[in-house]
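Biologist: I am new to this structure and would like to go through it step by step. Please show it first.

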Amino acid sequence: MGEPVYAKMAVVGCGLIGSSVIRAAREAGVVGEIAVAETSAPARERIVALGLADAVFGDAVEAVRDADLVVFAVPVMSMAAAAKAAAPGLKAGATVTDVGSVKEHVADALTAALPDSVFVVPGHPIAGTEQSGPDAGFAELFQNRWTILTPQAREDEPYRDAVARLARFWTALGARVEEMDPKHHDLVLAITSHLPHLIAYNIVGTAADLEGVAEAEVMKYSAGGFRDFTRIAASDPTMWRDVFLTNKDAVLEVLGRFTEDLQALSRAIRWGEGDKLFDLFSRTREIRRGIVAMGQESAEPNFGRDRGKH
Ligand code: NAP
């Protein structure tokens, strides 16, 4: 057990990620008191039943009072409203962060909604599953996963101290921490996470609408690739709607490149250009093996759960 990094932590939005932050922080002993603000009444009931927090509120102002760390863990497009609601209760000098999957939009929303007296340090743990809600969280979620912080462009000592303290917090939760510019974060995540989700959602839709192939057959023969490939298509619709709407530019940029490459593949198939296909598949096989090897170095141990990286 480590020393508490923050005497009081407030988590606004206590679903999969918020409840995992709480579980991991408790296990690491890095926070004293924990308060939660959660708008969903059934979720509040579960949070109380699970004993996740010392105090559970519907109102964010109550939860964030006296907190040294405030973590917004609501869907990306709810961040602005959640921050506005919490603002009057924030203690001067508190660190305010988030776990949103898109960073430029959230950084702008938090900065606009919050007073200058707090330190805003946006963040994104690249760890998750396709589940939602407080029951789905677990303490090991962030072990050996990256958490990216996208601090504001300021070098004054109090702010940099707040960033360093937050990095210490995430490290204690088992994460590897890196700083990044928010725009760059959004481009990197567009190709590594957002586009794969879009393709998974799309292929399930295509399969469902395909005339001549029954849904039962898709299920029955899904081991041919469909099942592995589409696990992430079961991810939360609100969360992912928000990701695509708030990371529009980067997603459309990588989608454009992807579509061009797909067109080239479709041309190679049409014209029977086997060498082209073979060369590409050989190259991607090497790249994919490289990625897996790198992942094994940086993402072990695997706790045996069915998890994705968002
Ligand atoms: P989740 O399980 O659906 O939990 C979000 C919770 O926040 C819900 O209970 C929701 O209640 C509540 N909420 C919504 N607006 C609120 C508000 N204004 N104040 C207080 N509570 C509010 O979602 P999640 O998967 O934990 O995702 C949370 C954030 O983490 C998102 O920004 C997402 O981009 C990011 N993230 C997710 C993953 C992942 O794999 N899921 C990974 C990394 C980062 P209602 O249901 O009533 O709206």
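Biologist: How many helices and strands does the secondary structure of the chain come to?
Modeller: This is a predicted model, so every value below is computed from it. Counted over the chain, the secondary structure comes to 12 helices and 9 strands.

Biologist: What is the radius of gyration of the chain, and what does the globule rule give for 310 residues?
Modeller: The C-alpha atoms fill a box of roughly 65 × 45 × 35 Å along the principal axes. For 310 residues the globule rule gives 19 Å, and the chain comes close to that, so it is as compact as a globular protein of that length. The radius of gyration of the chain is 21 Å.

Biologist: Which strands stand at the edges of the open sheet of 6 strands?
Modeller: The pairing in this sheet is parallel, and the order is β3-β2-β1-β4-β5-β6. An edge strand has a single partner, so one side of it is left without a neighbour in the sheet. The strands in that position are β3 (55–57) and β6 (119–120).

Biologist: Which residue in β6 does Thr95 stand opposite?
Modeller: Strand β5 (residues 95–98) runs parallel to β6, and 2 bridges join them. Strands of a sheet pair through backbone hydrogen bonds, either parallel or antiparallel. Opposite Thr95 in β6 stands Phe119.

Biologist: By how many degrees are neighbouring strands turned against each other, on average, in the open sheet of 3 strands?
Modeller: This sheet has the order β7-β8-β9, with mixed pairing. Its edge strands, β7 (123–125) and β9 (176–179), each pair on one side only. With direction ignored, the average turn between neighbouring strands is 20°.

Biologist: Do β7 and β8 run parallel or antiparallel?
Modeller: Strand β8 covers residues 146–149, and 3 bridges join β7 to it. Within this pair, Pro125 stands opposite Thr147 in β8. The two strands run antiparallel.

Biologist: Turning to the helices, is α4 roughly parallel or oblique to α5?
Modeller: Helix α4 (residues 79–86) and helix α5 (residues 104–113) have their axes 9 Å apart and pack at an angle of about 20°. Angles under 35 degrees count as roughly parallel. That makes α4, relative to α5, roughly parallel.

Biologist: How many nonpolar residues does the contact of α4 with α5 have?
Modeller: α4 passes α5 in a right-handed crossing. Met79, Ala80, Ala83 and Lys84 in α4 meet Val106, Ala109, Leu110 and Ala113 in α5. By class, 1 residue of the contact is charged and no residue is polar, while the number of nonpolar residues is 7.

Biologist: Is α7 oblique or roughly parallel to α10?
Modeller: Helix α7 (residues 182–209) and helix α10 (residues 237–246) pack with their axes 11 Å apart, at an angle of about 120°. That makes α7, relative to α10, oblique.

Biologist: Which residues of α10 make the contact with α7?
Modeller: The crossing of α7 with α10 is left-handed. By class, this contact has 5 nonpolar, 3 polar and no charged residues. From α7 come Ser193, His194, His197, Leu198 and Tyr201, and from α10 come Trp240, Val243 and Phe244.

Biologist: Is the crossing of α7 and α11 right-handed or left-handed?
Modeller: Helix α11 covers residues 248–270 and packs against α7 at an angle of about 65°, with the axes 9 Å apart. The crossing is right-handed.

Biologist: How many nonpolar residues are in the contact of α7 with α11?
Modeller: On the α7 side the contact includes Asp186, Leu187 and Ala190, and on the α11 side it includes Val254, Leu255 and Phe258. Its residues comprise 1 charged and 1 polar, and the number of nonpolar residues is 11.

Key:
Residues numbered from 1 in each chain as written. Predicted model: local features only at pLDDT ≥ 70, side-chain atom pairs only at ≥ 80, totals over all residues. Heavy atoms only, no water. Axes fitted to C-alpha atoms, helices over the stretch in contact; angles between N-to-C directions. Helix = DSSP H or I, 4+ residues; strand = E, 2+ residues; numbered from the N terminus. Parallel < 35°, antiparallel > 145°, perpendicular 65-115°, else oblique. Left-handed = near helix turned anticlockwise from the far one by under 90°. Contact = heavy atoms within 4.5 Å. Nonpolar A, V, L, I, M, F, W, Y, C, P; charged D, E, K, R; others polar. Pairing = 2+ DSSP bridges. Rg over C-alpha atoms; globule rule 2.2 N^0.38 Å.
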